[in-house]
Structure formats: structure tokens, C-alpha cells
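Here are a few exercises to work through with the coordinates open in your viewer. Try each task before you read its solution.

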Amino acid sequence: MTDYLEILERSNEGEYISEENWDLEKVAMTARRLVKKYRLEWDRNQVVSDDPPLADAIYQAGYEMAVELGAYSRSTERIIALTQAEIDDGISNTPQTLVMGEGKDARTLYARHLGDDRPPLFFGGPPGNPIPQLIFLPNVVSYVQEPLIDLATCGTLTEVDGHIVRTGHPMEIVATRRELQFMHAALNQVGRPGMGMLGAQSSVSELGNLAASQPGYLRPCDSHVVPMLNELKMDNRNFSRVVNSLDYGMINASLPCVIVGGLGGGPPGSAVVNVASFLVANITCRAHYHLLHPIHVRYVATSTREVLWVISIVGQAFSRNAPSIIVADIYPKSGAGTKELLYETAANAIVNALTGSHLEGCGSADGRLPNCSGLEARLMAEVALASHKMKMTLHEANQWVLKLLPLYEYIFVQEGGNPGLPFDQVYDIPSIQPLSFWQKKYEEVKAELQGMGLPL
Amino acid sequence: MTENEMIAQVTQAVMDGEAGDAAEITRRALEAGLDPLMILNEGLMVGADEVGKRFERGEYFLPELMLAGRAIKAAMEVLNPSLAGKNLTSRGQGSGRVVIATVQTDIHDIGKNIVASMLTAAGYTVTDLGVDVPLKSIVDKAEEVGAQVIAISALLTTSMPYMKDLIGLLTGRGLRQKYIVLVGGASVTEAWAHDIGADGTARNAAQAVTLVRELLKSA
């Protein structure tokens, strides 16, 4: 593969372009043109696309965008041009299997195929939700104690010992290390010390990330996030994360959070940008796996029709054309303690599991509150496994999602959203078990899903 | 071509996001003797309103907003000399200066860009400092351009404390009363805005424009 130092060199020496012109004249205009060229359309009632030629066309358009545009360095305002051979090389070198964790707790992620006999794997945790220090440990335990959860992630610490955490400040180092101490404590507490982690969520700049790259914190068998900025952009912070991991040996998870309704335009253009982002991230993020996490421009949530469609078509595009390890995030609008959270999770789980992704979740309440718990992650895994077990077709998956959408879709326009309750108001902290009202809602939704025909 | 047809063309150029057309049609309209205030109020601003509404309805996306902002900017460069001395507040369009930025350490800019585009489209003079902007630079720029409004954004929870720090910096320099400070971002709530001493926040870009208009009116 292209020498990474050469990529860094291009970020210094590449063609200059202002960021606004990159956004509009490169990304937005290219997306528009490719959507027209490939006649890409979506249908609000076909949330899970069952149209293989469309998935292939989305892939081709994304490939064309990746070759044509490459990436942009926001730090230097330079284009990082990538050749077609480099993009192809990135595709051929993308891992097809990847061991995370160690010992008996290790799991092997794999590039999923449509209709794969093997079930997906599950990352449990609220990726990035701000979690108070006092409940951080029990919150992580609530996820990793779930038998169906294979890999761990967590929220972020916004205060440590009463001191506010600011990004880029020494407190970021403190927070990131403390977070990982909690993670290891949680894994030990549930007897799964070797479980692989997607960690250092409290590290936004490179500071925390660098400080946590030690076996006592993030081990080489763990992964960390290498974000790609909207859209197709890198910066020196994220280059630093990659450089650090190349030497240390840590696993890179690329995270391009494509905005659906952003520079790519509507869902088809956004899907094209997402495909291009993954292909570019093979090189610029040195991605071992990709986090599929499109964001709705107004509602944020991954459970909106538009975002579900993008997840479904991007997953299929890669499964059919360039199998890669993809982990699709679930970020529901609703928070813990609400039935809508469970319906959103179910819809997302079906889509993610059947269209070529592994699953991660849930960043409940849009990932912006500590209103999240292990119970919704349990449902995520149960629904995904049930839909896999019954060999649900894409057409059937669409019917399922269309039945679930009316059960929660109204909350997107609800004043104040549907935030639910903080973790310590839905779980009994000493026992780390759901409180009875939350358990009851879970059981009711599960019974509803069973009644609808899901073998839970 | 009638006056109404020319005005409709100005509106259409904004809706199409065609900067060259917007400037050229504005120039022709001025040459034809149209009142510059009419071009602004009935042409450019109507187009801006419509683009904003379509964005809110999910019919337009970010590029359309940004292109409309560019088109208005291009037309205003043609129009500005003719507007000198005119009363620009007749239709409620903006006449204030806004400095906008994503605060230091945060690199998320989509929400900030949408607000900047809609404020520009609403007629305000917007200085967009970009992302990861040091607090000192934000205050210095506001002083330099004579802004009335400082609008700051942060998506990351761990960057939000810098919003409080900016207000502290303004206070420390004895400038707090000089500026309307608005805060925004996915995790920003009205309670947070109130707690840190900001003048307000908005749930979306359209509300942000309304808020700027109202606060400037009552300032």
C-alpha cells in the first residue's frame, strides 16, 4: 500500500483549494453529477433497498468519486490526490477477517456477505454519549454483561473528579485514561477481560489517543476511531492518530459520519459520498474496518427513513462489490426508558444485520445524553440474530421496517425530542439490572415483535 | 420585460444558486431603473425565504443553501452601491454584522455553515471564521469588523466549556455588554445557554435567524 508518509507529504504539497470550494465545487457538484449520471433515486417506502443494480450503481458512483476527488487536508487546505491504482490497492488490501480482543474473549470480525450464514457481531455501548463519572463503570457493565455482546465500547467522560474536561486540554488525557481504566474494570468485573474494545471515546483531539496507546489502556488488540471529517476530509489530528497506530499496532476504525442532506444532497448522493469515504479511508485512515454512521441533517438519528436507506444501500454496495468489514452504528433519537427507543433499535438492527454490517449500539438519545443502557443493546442483538436466523429477505426486511416506522417516526418532529431518562433512573445501580418499569417495557416490545412474527 | 418578470428572475437565480446570473440580472434590473430596495426585498429576499423553507421541508439540501448564499452575496456586491443611504429594515431583512465560528478544538461545521448561509441569505453580513477557532481570535475579529452578534457553535460536549470561556473572556475584557452572544450545537440546550450567560440558542437555523432578528431589534 501507499506509504503513509507519502500521504502526509501530499497533504502538504497537493493542489491548494479553499475549503468552501472543496465542499461545493468538488464534493457537492461531483455528487450531483454522479447522481444524474447513474440515475440514482430512492423511495421513502423502500427503506431497505432490494435492487441489486442500484447497489452496484451506488458503488460505481462512489468509486468514481473516490478516484476523482481523493481526500482533502483541512489543516493545509490541500487536495490529497489518490490514483485509481491506489484506490484499487486499498480495496484489495482491506482485511476480510480481523481478530479483536484476546484469549477466550477474542472475536473475529469478518467482511459480511448478503445472506451470510454467519451471524453478525455486536459492539455494546453508547459510543460517545456523555456519561457522568459516578455511573460510568456500571453503565459499561450494563452492556458487557450481556451475553450476546461480543465487543465493547463506551461513552465519554465530561468531568473527572469534579473537574470539567475540555478537548485539547490536559484534562482530555486524564479523561481518556480514566475511561479506559473503567473499561478494563468493567470487563474484569463481568469475567471477560480479553474482550476487544473500541475505546478512547473521550479523546477528541490526538492528545487522549496518544496518551492511551499503552497496553494498560488501549491494547494493540483494541481499536480506536479515526474520523474522517465532512466530507472526505482529514486533518493533522487524525493523521496523528493513524501514525500512532501504525507504530503501536492498534486497530483503526474509520468513521466518516456522512451527513444525509448535507454536501452529498439527498440520500442517493449521500450514499455515494459514503462509499467514496470508505474507499478513501482505506488509505487515509488506514482502516481495518469501517464504522457506517450516516447522520440525518435535521434529526441526527440513524433510524430515520433516509439514513436507514443509506445504511442498507451502502452495506449492500460493499458486500456485492468490495467486501469489507463494516460495523453500522445505531443512534436512535429516543432515550432509555421509552418504548420508541426499542422500536427504533429494532428497525435499525434489522437493516444493519441484513445488509452486510456488524452492529454497534446504542447511542441512545442521539448520543448527547447519559440516557442509555445495556437493555437496548440486548434487544439490538436479539432482533439482529432473530432476523438472521429466520433468513429474512431484503423485501421482508423492508416490510418489517415499514411496520416499525409508524411506532416511532413521530418523535422526530416532537418538541424536545424523546430523551427518556438517565442510566441511573432506568437501572438499579447496585445490582446493575434494569428497573422493573424499563424491564416491563422491554418485555412488552419483545412480545409485540414476537407477535409480529420475529423468532425472539 | 416587466418589472415583475425581472424581479422573478432575481428570485429564481437565488433559488437556483446561480451567482453569475444573480449578479447579472441584478445589474440589468438596476439599469432598467428598478428600485434597489425592491430588488432586494421582492427579489433576493423572497428567493432566500423560499430556499430556507425548502430546506426545512427536506426538499433542498446543504449545497442549495450554500449556493443561494453565494448568489445573494454576488448580487449584493452589485446592489450595495445603490443601497447606500436607503432604509434597509423595511421588510425585516438583516442589517447587522455577525461573527460566527466553531469554537477551538471542535471541527464540526455543518450546523454552523447552515446557520451562516441562512443568516447571509437573510441579509446579514456574516464573517465565518471556520472551525477550531481560538476564543481570542473570535473576540478580536468581532471587534475588528464591528459585529453586533457573536454566534459560536460546538458539537462536542468537551468543547462546549469553551463557550463559557468565551463569555468569560468578553467579560474580562469589559466587552460583554457590547455583543449579543448566541450558542449552538447538537448538545446545546436553552438551560446550558442560560447557565453560561449566553443571550440565546436556537433549535435550528431558521430559528437562529429569527432569534438574531429579534435580539438585534430589541438591542
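Before we start, a bit of vocabulary: two strands count as paired if DSSP finds at least two bridges between them. Also keep in mind that this is a predicted model.

**Exercise 1. Which strands of chain A pair with S16(A), and in which sense?**

Step 1. Take strand S14 of chain A, residues 289-292: S14(A) and S16(A) share 3 bridges and pair in the parallel sense. One contact to look up is Leu292(A), whose bridge partner in S16(A) is Ala328(A).

Step 2. Now go to strand S17 of chain A, residues 358-361. S16(A) and S17(A) run parallel and are joined by 4 bridges. Here Ala328(A) turns up again, standing opposite Leu359(A).

Step 3. Follow the chain from S16(A) to S17(A). Together with helix H11 of chain A (residues 339-354), these strands make a β-α-β unit, and that unit is right-handed.

**Exercise 2. Are the residues of S16(A) buried or exposed?**

Step 1. Recall the cut-off: a residue is buried if 20 or more other C-beta atoms lie within 10 Å of its own.

Step 2. Apply it to residues 326-330 of chain A: 5 of the 5 residues in S16(A) are buried.

Step 3. Split the strand by face. Ile326(A), Ala328(A) and Ile330(A) are on one side, with Val327(A) and Asp329(A) on the other, and both faces are covered.

**Exercise 3. What is the strand order of the open sheet in chain A that contains S1(A), and where are its edges?**

Step 1. The order of this 3-stranded sheet is S2-S1-S11, with mixed pairing.

Step 2. Strands S2 (78-80) and S11 (233-234) of chain A each have a single partner strand, so they stand at the edges and one side of each lacks a neighbour in the sheet.

Step 3. Check one pairing: S1(A), residues 71-73, and S2(A) are antiparallel over 3 bridges. Tyr72(A) has Ile79(A) as its bridge partner in S2(A).

Step 4. Add the helix. H1 of chain A, residues 4-13, packs on this sheet and touches S1 and S2 of chain A, its direction making about 150 degrees with that of S2(A).

**Exercise 4. Which helices of chain B pack on its 4-stranded open sheet?**

Step 1. Lay out the strands first: the order is S2-S1-S3-S4 in chain B, and the pairing is parallel. Strands S2 (125-128) and S4 (180-184) of chain B are the edges, since each has a single partner strand. Ignoring direction, neighbouring strands are turned by 20 degrees against each other on average.

Step 2. In the middle, S1(B) (residues 97-102) and S3(B) (residues 149-153) run parallel and are joined by 5 bridges. Val99(B) has Ile150(B) as its bridge partner.

Step 3. Place the helices. H6(B), residues 135-145, lies across S1, S2 and S3 of chain B, at about 165 degrees to S1(B). H9(B), residues 205-218, touches S1, S3 and S4 of chain B, and its direction makes about 165 degrees with that of S4(B).

**Exercise 5. At what angle do H1(B) and H3(B) pack?**

Step 1. For H1(B) (residues 3-16) and H3(B) (residues 36-56), the angle is about 35 degrees, and the axes are 8 Å apart.

Step 2. Add the handedness: their crossing is right-handed.

Step 3. Sort the contact residues: 10 are nonpolar, 3 polar and 2 charged. Among those from H1(B) are Ile7(B) and Val10(B), while the H3(B) residues include Met38(B) and Glu42(B).

How values were computed
Residues numbered from 1 in each chain as written. Chains lettered and ligands numbered in written order. Predicted model: local features only at pLDDT ≥ 70, side-chain atom pairs only at ≥ 80, totals over all residues. Buried ≥ 20, exposed ≤ 12 C-beta atoms within 10 Å, placed from the backbone. Helix = DSSP H or I, 4+ residues; strand = E, 2+ residues; numbered from the N terminus. Right-handed = clockwise from strand over helix to strand, strands pointing away. Axes fitted to C-alpha atoms, helices over the stretch in contact; angles between N-to-C directions. Left-handed = near helix turned anticlockwise from the far one by under 90°. Contact = placed C-beta atoms within 7 Å. Nonpolar A, V, L, I, M, F, W, Y, C, P; charged D, E, K, R; others polar.
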